[in-house]
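The report below goes through a single protein chain, moving from its charged contacts to its sheet, its aromatic pairs and its surface.

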Amino acid sequence: MKRPRIHREGRGLIVGTVLLLFLINIPVYMLTTEMEMQWIFGVTLALAAMLLVFVTYFFRNPVRVLEIDDPNFIIAPADGRVVVVEPTEETEYFHEPKLQVSIFMSPFNVHANWYPIEGNILVSEHQKGRHMGAWLPKSSTENERSLVVIETPSKVQVAIRQIAGAMARRIVTYAKVGHQAHRNTHLGFIKLGSRVDMYLPLNTEMFVTVGEAVRGNETVIGRLQDDPEINTNEA
């Protein structure tokens, strides 16, 4: 049975939220008691409870273990909705056409990110940028983002880009160059609304379409071909 847990990225914030709400509500209680307007304290207490529930819910960390034999399957790296499935010119690493698959995460989605495939981590870098809406196409190249490139045992390179949104102000990436990416393992975490882009070989067999809801570390996005195109970065 799957039990939701609290992600480590949210534990400190949840404790801080509890302390802040406690400090706010104590003087409100004292003032409203003196003014015989206890209903005001009831309202602030209810709002505080709703905020605490949302923060706790946002940082939930469900247990998801996927058992799959085919190493060529690409698994969804995040919860959300598919907003892009199209060929595009990848200009930051590959500098050649790739199949872009983008997943938009609303503030109500699980925001932990998983490795979509296994292999050696070639690149893990963070880039500063803007904080426009993550659903906008330009967010892929203009927003604050983190790039991770994984090379599979069959020498296929797959890029994953974590992108900050209008509300997301922190991207956490656990991937380290030279380490191995393993299934059922977190790649990182993005706080508040955001998106994750993947750049795959053009001949990748796709199993999802635009508008489809996916679940991180559960939904099979596609499958790499046994005779993939050349994926070596020539930049």
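How many salt bridges does the structure hold? Where a salt bridge is a side-chain nitrogen of Lys or Arg within 4 Å of a carboxyl oxygen of Asp or Glu, the count comes to ten. This is a predicted model, in which local features need pLDDT of at least 70 and side-chain atom pairs count only at pLDDT 80 or more, while totals for chains, interfaces and linings use all residues. Residues are numbered from 1 along each chain as its sequence is written, and side-chain values use heavy atoms, with hydrogens and water left out.

**Salt bridges**

Three of the salt bridges are set out here, with the distance between the closest N and O atoms or from N to O.

| Pair | Distance |
|---|---|
| D70 and R223 | 2.7 Å |
| E92 and R145 | 2.6 Å |
| K155 and E151 | 3.8 Å |

Helices and strands are named here as DSSP runs numbered from the N terminus, helices being H or I of at least four residues and strands E of at least two. Accessibility is described in three classes: buried means under 20% relative accessible area, exposed over 50%, and partly exposed in between, with a 1.4 Å probe and protein chains only.

The salt bridge of D70 with R223 links distant parts of the chain, since D70 lies in the loop between α2 and β1 (73-75) and R223 in strand β14 (residues 220-223), 153 residues apart. R223 counts as buried, at 18% relative accessibility. In the salt bridge between E92 and R145, E92 belongs to the loop between β2 (80-90) and β3, whereas R145 belongs to strand β6 (residues 145-151), so the pair ties together parts that are 53 residues apart in sequence. E92 counts as partly exposed at 23% relative accessibility, while R145, at 7%, counts as buried. The salt bridge of K155 with E151 joins an exposed residue to a buried one: K155 has a relative accessibility of 56%, and E151 has a relative accessible area of 18%. Beyond these pairs, R64, D79, R215 and E218 are linked in a network of salt bridges.

**The sheet and strand β11**

Eight strands form an open sheet in the order β9-β5-β6-β7-β11-β3-β2-β13, with antiparallel pairing; two strands pair if DSSP finds at least two bridges between them. The edge strands, each of which pairs on one side only, are β9 (180-181) and β13 (213-214).

Within this order β11 stands between β7 and β3. Six bridges join β7 (residues 157-164) to β11 (residues 194-200), and these two strands run antiparallel. Along this pairing I163 stands opposite R195 in β11, and A164 stands opposite S194 in β11. On its other side, β11 pairs with β3 in the antiparallel sense over seven bridges, and S102 stands opposite D197 in β11.

Is β11 enclosed or open to the surroundings? Seven of the seven residues of β11 are buried, so the strand is largely enclosed by the rest of the structure. Both of its faces are covered, with S194, V196, M198 and L200 buried on one side and R195, D197 and Y199 buried on the other.

**Aromatic contacts**

The structure holds three aromatic pairs, counted where the ring centres of Phe, Tyr and Trp (its six-membered ring) lie within 6.5 Å, with planes under 30 degrees apart taken as stacked, over 60 as edge-to-face and the rest as tilted. One of them is the edge-to-face pair of F54 and F108, at 6.0 Å centre to centre and with 75° between the planes. F54 lies in helix α2 (residues 38-58) and F108 in the loop between β3 (96-105) and β4 (112-114), so this contact ties together parts that are 54 residues apart in sequence. At 29% relative accessibility F54 counts as partly exposed, whereas F108, at 53%, counts as exposed.

Y93 and F94 form another edge-to-face pair, with 4.9 Å centre to centre and 80° between the planes, and both residues are buried. F94 also takes part in a contact with a charge: the charged end of K98 sits over the ring of F94, 4.5 Å from its centre, the rule being that NZ of Lys or CZ of Arg is within 6 Å of the ring centre and within 35 degrees of the ring normal.

**A nonpolar surface patch**

On the surface, F22, L23, I26, Y29 and M30 form a nonpolar patch with about 540 Å² of accessible area together. Patches are made of residues with over 30% relative accessible area and no salt bridge, like charges being joined within 9 Å and nonpolar side chains (Val, Leu, Ile, Met, Phe, Trp, Tyr) within 5 Å; the areas come from the Shrake-Rupley method with a 1.4 Å probe, and for residues only the protein chains shown count as cover. F22 is found in helix α1 (residues 8-34) and is exposed, with a relative accessible area of 53%.
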